[in-house]
Amino acid sequence: MNLILIGPPGAGKGTQAKNIVEKYGIAHISTGDMFRETAASGSEVGKKLQSFMSAGKLVPDDVVIEVVKNRLAKADCVKGFLLDGFPRTDPQAQALDLMLAAGKQKIDAVLCLKIDDSEIVRRLSSRRVCPSCGGSFNLVSQPPKVDGICDFCAAKIVQRADDNEQTIRQRLQVYHQQTSPLIAYYTKRGILNSVDGSRAVNEVFKDLCAFIPTAGH
Ligand code: AP5
């Protein structure tokens with residue numbers, strides 16, 4: 001089972017992706033996580049990636065496509081995968097079609113999280129992440145047990161470099177201009193399923209699962 005999770009920044013893609021891959025036993029492919037990992041290494045490539053992310057801009061298509069192509073070739077993708085944050089542009093969607101066709105594969109469902117811009121700014125301004133284990137928190141909806149400390153590894157949690165209001169608004173603009181047209185792209189194919197992402201995490205998850213082809217298992 002191969003899935004795409006699409007939605008604006010802060011819609012809850014990472015939160016829902018974690019639950020979906022756990023339930024269905026498929027690989028989680030988050031381009032954002034992969035880029036942040038490379039950026040944390042401090043390499044020249046990492047510094048370049050960080051400059052795009054901190055500015056709220058997209059990483060160039062050729063770089064992203066190469067990274068995803070290599071990731072999809074890994075053994076854990078044989079049992080299926082969830083793409084979180086890819087594709088984000090028309091060229092990325094077309095490149096994905098070619099990659100999958102070459103392996104006689106297809107996307108079974110595209111899950112789209114819908115949420116207002118105002119709620120996104122609120123959510124992302126209060127998100128905190130753990131630089132050590134990747135844990136994600138929200139000062140409003142999912143605070144850590146001890147103020148400022150990761151529940152999972154006790155490291156100090158921080159704000160992501162792109163989670164300030166100015167960069168959040170830039171990311172939203174990029175989403176509306178370059179990524180949201182993909183909703184029509186996948187609607188035409190009859191595989192787009194939209195869910196109201198503004199509700200509680202477990203309610204959103206339940207609705208997403210109803211659209212996953214093997215949800216009955
Ligand atoms: P990426 O990491 O993919 O960022 P994003 O799309 O902006 O999404 P986020 O990670 O910010 O949010 P999310 O939707 O995962 O929400 P989350 O679950 O964390 O990409 C980062 C950057 O990398 C891009 O800007 C770009 O530069 C680059 N990049 C990545 N992919 C690329 C590509 N394909 N092409 C080019 N460039 C690319 O939730 C957010 C917060 O809300 C959390 O605090 C969470 O606890 C809370 N929350 C979640 N769900 C709920 C709920 N139901 N109710 C209340 N609170 C909730």
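Let's start right at the ligand: one of its nitrogen atoms sits 3.5 Å from a polar backbone atom of Val 201. Keep in mind as you look around that this is a predicted model. Two more polar contacts are worth finding on screen. Ser 141 uses a polar side-chain atom, which lies 3.0 Å from a nitrogen atom of the ligand. Phe 137, on the other hand, takes part through its backbone, with an N or O atom 3.1 Å from an oxygen atom of the ligand. As for how much of the ligand is covered, the protein hides 95% of the 1000 Å² of accessible area that the ligand has on its own.

Now widen the view to the whole shell. There are 33 residues around the ligand, and the closest are Thr 15, Lys 57, Arg 88, Arg 127 and Arg 171. By type, the shell splits into 13 nonpolar, eleven polar and nine charged residues. Which elements each supply at least two residues of that shell? They are α1 (13–24), α2 (31–40), α6 (117–125) and β6 (136–138). Helix α2 gives the most, with four residues.

Next, step back to the chain itself. You can count nine helices and seven strands in the protein chain. The C-alpha trace spans about 50 × 40 × 35 Å along its principal axes. A compact globule of 217 residues would have a radius of gyration near 17 Å, and the chain's own value of 17 Å agrees with that.

Two spots in the backbone deserve a closer look. Phe 86 and Pro 87 are joined by a cis peptide bond, with omega at about 0°. Pro 87 belongs to the loop between β3 (81–84) and α5 (90–102). Follow the chain past α5 and you reach the loop that leads to β4 (109–114), where Lys 104 lies. Lys 104 isn't a glycine, yet it has a positive phi of about 55°.

Finally, have a look at a pair of helices. To describe how two helices pack, you give the angle between their axes and the distance between the axes. For α7 (residues 165–179) and α8 (residues 181–188), the angle is about 35° and the axes are 5 Å apart. On the α7 side, the contact involves Tyr 175, His 176, Gln 177, Gln 178 and Thr 179, and these meet Pro 181, Leu 182 and Ile 183 of α8. Sorted by type, the residues of this contact come out as four nonpolar and four polar, with no charged ones. Arg 171, listed above with the residues closest to the ligand, falls within the residue range of α7.

Conventions. Residues numbered from 1 in each chain as written. Predicted model: local features only at pLDDT ≥ 70, side-chain atom pairs only at ≥ 80, totals over all residues. Heavy atoms only, no water. Axes fitted to C-alpha atoms, helices over the stretch in contact; angles between N-to-C directions. Contact = heavy atoms within 4.5 Å. Nonpolar A, V, L, I, M, F, W, Y, C, P; charged D, E, K, R; others polar. Near = heavy atom within 4 Å. Polar contact = N/O pair within 3.5 Å; in protein donor to acceptor, adjacent residues only side chain to side chain. Areas by Shrake-Rupley, 256 points an atom, 1.4 Å probe, with all protein chains shown as cover. Rg over C-alpha atoms; globule rule 2.2 N^0.38 Å.
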